[in-house]
Every structure is written in structure tokens, then in C-alpha cells.
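Trainee: Could we go through the aromatic contacts in this model together, and then look at one helix?
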Amino acid sequence: MNIDSAFVNWLFLDLNSFFASCEQQENPELRGRPIIVVQMETDSTCAIAASREAKKFGIKTGTMVWEAKKLCPHLKLVKARHQNYVDYHHRVIEAIDTCLPVEKVCSIDEMACRLTGKERSVPLARALAHKVKAAIRARVGEYMTSSIGLAPSLFLGKVGSDMQKPDGLVVITKEDLPHILHRLELTDIYGIGRQMEHRLNHAGITTVAQLMQAPRDKLRRVWGGINGVLYYELLHGADLQFPSSSETHSVSHQHVLEPALRTTDGARQFSQHLLAKAVERLRNKDYYGRHLGLFLSWTGDYGRYWDETDFHETQSTDFLLTRLAKLWHSVPDFKPVKVGVVLFGLVPAARHQPDLFADNGVSTLARRHRLSPIIDRINRRYGRGAIAFGLQDAQIRHFTGHAAFQRVPERWEF
């Protein structure tokens, strides 16, 4: 047996309900109460954080305020104070540093510490984790709890920190693999969102057990490149990290539909505008896309929907709208509440390879690529929606000029 199989290399810390906990720490009257942090105190916005008490009602980040109020009538809304959260972030890092150095700040509420020497033994690592938790409570506040994952890699440390909340402590060693992960859902694994879950499902992988059993080559095909091999190694305990890159991996938009648009046809037409905006961003970033995904969520028990299509790399709005229309042919006719589009498999313009077999490499394809930037320039000069492809519905035109469309949140950026 490899002696390192019973050791851990990383302590990964995830602060519980961070924004909401900061507010509860600052204001004792909010403690023990279900609260959500919002940008604006209006029913048309969504929660950017939910307290532990609110999560017990099924409220989470992204839940619409009107829906959250139905789930919990006595819910308290608190307006976000972002500078306050930054201050708490720095205080937490200072508290952790009294126990061991913070090597990597992953986000405002996630940090990782590399363990060395005897610290790597599970008993000492556990003791350090408890010491870190105590330091945060003493130096930052008693309401600032965290979940910690101890693991052979930063990746598995992150997975472990998500396995027991709030105030959890999970140890994963190579000896525990793969069985310790089998009880998780695919989307519980860091980096596997709904889009990747669907791709895994299409490849016959529907459980974490099947994911762990899948060979490297299969994961490489599912991920569409070397990231599949990297995931294989990470899932099996290799102490690797994702390579840092300034490249964009996806461009996307989603929108909660206004009541007047909650029909299949309304969602379909609005998706055209989301895609037009996403493709404009794609061109501004100087990328070409190779995959287009369509996302929907419906009312009631109908759940979510995802479909995707691939093609030779392009940044043509006209071409992509045609592909989007084909995706809609398979969409069930339920009442949608949210629609989204995502462009992924992106290629920087410097590495773009034209399709030599499309119209002899020129003609229609070339005209499409010339037309889209012209439309971009017109819209920048005269305002979004001044000119676009296939805008036939006056109601949709109204919403594209509405402030809600101008601030469509980005999603699926990974």
C-alpha cells in the first residue's frame, strides 16, 4: 500500500451562507431568522445569498424573491453591502493565517491551505481544521461558520467541503476512494453543471459510481479534450489543479420570463434575443463558437430542459439563429418560466480554422460573417434592437428594450 494513501495534502474551507452570515453577525436581531440578501428589495429580483435558516425552506441563491416569500412568508430581505463582505473576507484570511498559511484564495468565501510534513496525517489535519474554525469564531464572529474538506487534492477538498453543511468537516483519503463519492449526485461534483450532466447522461453516465468507473478515453470524449483526462485524475486523487487561463470557455445569457412571455412561442422568440446578445459578446471577445445549448425551466413538476447542437466554429448570428430554431423543434409544450442560451467550445480568433467545404469556403458563410459585425456597429450607435435578425414580434421588441433585458445575468461561465 502506498503510504501517501492515508494522508491529505489540502485543507479547503467554504464559509457557510457567507453574505447572509455577515449580516447576521453584524445585526444580532437577524440571527436565527430566515433572511436573504438581495440587490434591491423588490419581488422581481433574486436572492444572492440565503441564510442557513432560509435554506431549510428550500430557498437558495438564485431563488426569485416572490417565490422565496411563498416558501417562507416571514422571510426577511436584507440589502447587500458588498464592501462589508470584502472586509469580512480579509478578516477571515487573517484568522486562518494564525493557524496555517492560506495558499490559494478561490473566491470571496473559499480558501485553501496546503498541508506539509506531519500536518498531512489525518489526526493532525483534523486538529488543524478545528483550530481554524475556532480562530474564525474568536477573531471574526461566532456566526461565521465554515465547512472544511481535507483531501489529497484541492479539487477533492472542495468536493468534501460541500458534503457536510453547515459547519462540516469531511476527510477524504485515497483509501476512501471511490466509495465515499458514490452517494453524491453528478452535479455535486465541482465543475459539473447541468450542461455537463446532460453530456455525461448522453454518454451513459448517470451516477457518480459510473463516472468513477469510466476510463480516461471516455471522459476525454465527453469533455471534448484534455479536461476529461484531468477530471479522471482529479476524481481518483491526483494532486493536480486546473491550469490557469485567461481564455473564455463559454458565453451565455438566461432570463426569467415576464408573465406575458410564458408560452413556448414567447420563450422561443425571447431566446433569439438572448442568443443575439450572446453572439455579439462572442464577437467582442474575438472568439468563435462550436456548440450551442438551449436551457429551459418550467412551472410545476416539469423540471428543466437542456439540448445542444454542434457545428463548425462560427460567430455568425444568422447561422446560430438557424441552429437555435432547430433545437426548438424538440422542446415539449409546457409553460416556461426561464430560458437561457449558452455558446461553448470556444476558439480564439487567432486559432480559427475556416470551413473550406461550406460554399467553397466563401460565398454565403463569408457574407454572414461580414454582416453580423455591421449590425453590431449599428446597434452600438443607435441602441440595442435598432436592427437585428428576424425580429417579428412587437411584444418581444418591447422587452429587448426593457432594462431587464439590458442586464441579463451571465451564467455557465466556467
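Mentor: We will take the ring pairs, then a charge over a ring, then a helix. This is a predicted model, in which local features need pLDDT of at least 70 and side-chain atom pairs count only at pLDDT 80 or more, while totals for chains, interfaces and linings use all residues. Residues are numbered from 1 along each chain as its sequence is written, and side-chain values use heavy atoms, with hydrogens and water left out.

Trainee: How many aromatic pairs are there?
Mentor: The count comes to 9 aromatic pairs, where rings of Phe, Tyr and Trp (its six-membered ring) pair if their centres lie within 6.5 Å, and planes under 30 degrees apart count as stacked, over 60 as edge-to-face and the rest as tilted.

Trainee: Why is the pair of Phe155 and Tyr231 edge-to-face?
Mentor: Their ring centres lie 5.6 Å apart with the planes at 90 degrees, so the pair is edge-to-face. Phe155 and Tyr231 are both buried, meaning under 20% relative accessible area (exposed is over 50%, partly exposed in between; 1.4 Å probe, protein chains only).

Trainee: Which residues form one aromatic cluster?
Mentor: Phe155 and Tyr231 cluster with Tyr190 and Trp223.

Trainee: What sits over the ring of Tyr88?
Mentor: The charged end of Arg91 does, 4.8 Å from the ring centre; the rule asks for NZ of Lys or CZ of Arg within 6 Å of the ring centre and within 35 degrees of the ring normal.

Trainee: And which residues of H12 are buried?
Mentor: They are Thr317, Phe319, Leu320, Leu321, Leu324, Leu327 and Trp328, helices being DSSP runs (H or I, at least four residues) numbered from the N terminus.

Methods
Helix = DSSP H or I, 4+ residues; strand = E, 2+ residues; numbered from the N terminus.
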